[in-house]
Amino acid sequence: MAQRVHRPREDAEFRFILGMSRVPVLAYFTGAWPKAIEPCRVMDLVMGDIADDYGSRLTVVRTDITRCPAATERYGVTGAPSCLLLKEGEAVVHSTGPMTIDEVRMFLAGHL
């Protein structure tokens, strides 16, 4: 995974990253239960490439549902993987389920 993908260990760190980011945040929520593990691993690879491709125009955050329960609840995340594009802490667009790199690019299109 690209080094530009942030991995908060708790809700406070997630809020800190959101507060410090001067660009939109692509938060993707992951889970460790059996049906979520493989799709979330695939998303790790995709999001690493997205972080590399979008560079300074986007902050990418890998958010573990169990480590960041307040963020999970605040944004209404009900499954993993889920992606949200956040601007100034507010969700602009939301998607649940694994996506290819081209689907993520379409997800972001018009919002950056």
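Mentor: Welcome! Buried means under 20% relative accessible area. Keep in mind that this is a predicted model.

Trainee: Thanks! How many residues of β2 are buried?

Mentor: Look at the two faces of this strand. V25, A27 and F29 sit on one side and L26, Y28 and T30 on the other, and all of them are buried. The strand is therefore largely enclosed by the rest of the structure, and the count of its buried residues is 6 of the 6.

Trainee: Which residue of β3 is the bridge partner of F29?

Mentor: Start with the strands themselves: β2 and β3 run parallel and are joined by 6 bridges. Within β3, the partner of F29 is T63.

Trainee: Now to helix α1. Are its buried residues on the same side or on opposite sides?

Mentor: The residues in question are D11, F14, I17 and L18. They cover an arc of only 120 degrees around the axis, which puts them on the same side of α1.

Trainee: And what covers those buried residues of α1?

Mentor: Several elements contribute. Among them are the helix α3 (69-74) and the strands β1 (5-6), β2 (25-30), β3 (59-64) and β4 (82-87).

Trainee: D11 carries a charge. Which side chain of opposite charge is nearest to D11, and how far away is it?

Mentor: D11 is buried, yet it has no salt bridge. A salt bridge needs a side-chain nitrogen of Lys or Arg within 4 Å of a carboxyl oxygen of Asp or Glu. The nearest side chain of opposite charge belongs to R15, at 5.0 Å.

Trainee: Then which backbone nitrogen lies 2.9 Å from a polar atom of the D11 side chain?

Mentor: Beyond its neighbours up to four places away in sequence, D11 touches R67, C68, P69, A70 and A71. The backbone nitrogen lying 2.9 Å from a polar atom of its side chain is that of A71.

Trainee: Is R15 buried or exposed?

Mentor: R15 is found in helix α1 too. Its relative accessible area is 51%, so R15 is exposed.

Trainee: Let's turn to salt bridges. Which residue pairs with R62, and how far apart are the closest N and O atoms?

Mentor: The whole structure has 6 salt bridges. R62 is buried at 15% relative accessible area, and its partner also counts as buried, at 13%. That partner is D44, with the closest N and O atoms 2.8 Å apart.

Trainee: Which residue forms a salt bridge with E38?

Mentor: E38 is partly exposed, with a relative accessible area of 48%. The two residues of the pair are 3 apart in helix α2 (residues 34-54), so about one helical turn separates them. The closest N and O atoms are 3.8 Å apart, and the partner is R41.

Key:
Residues numbered from 1 in each chain as written. Predicted model: local features only at pLDDT ≥ 70, side-chain atom pairs only at ≥ 80, totals over all residues. Heavy atoms only, no water. Buried < 20%, exposed > 50% of the residue type's maximum accessible area, 1.4 Å probe, protein only. Lys, Arg positive; Asp, Glu negative; His and termini not counted. Polar contact = N/O pair within 3.5 Å; in protein donor to acceptor, adjacent residues only side chain to side chain. Contact = heavy atoms within 4.5 Å. Helix = DSSP H or I, 4+ residues; strand = E, 2+ residues; numbered from the N terminus. Arc of directions from axis to C-beta. Pairing = 2+ DSSP bridges.
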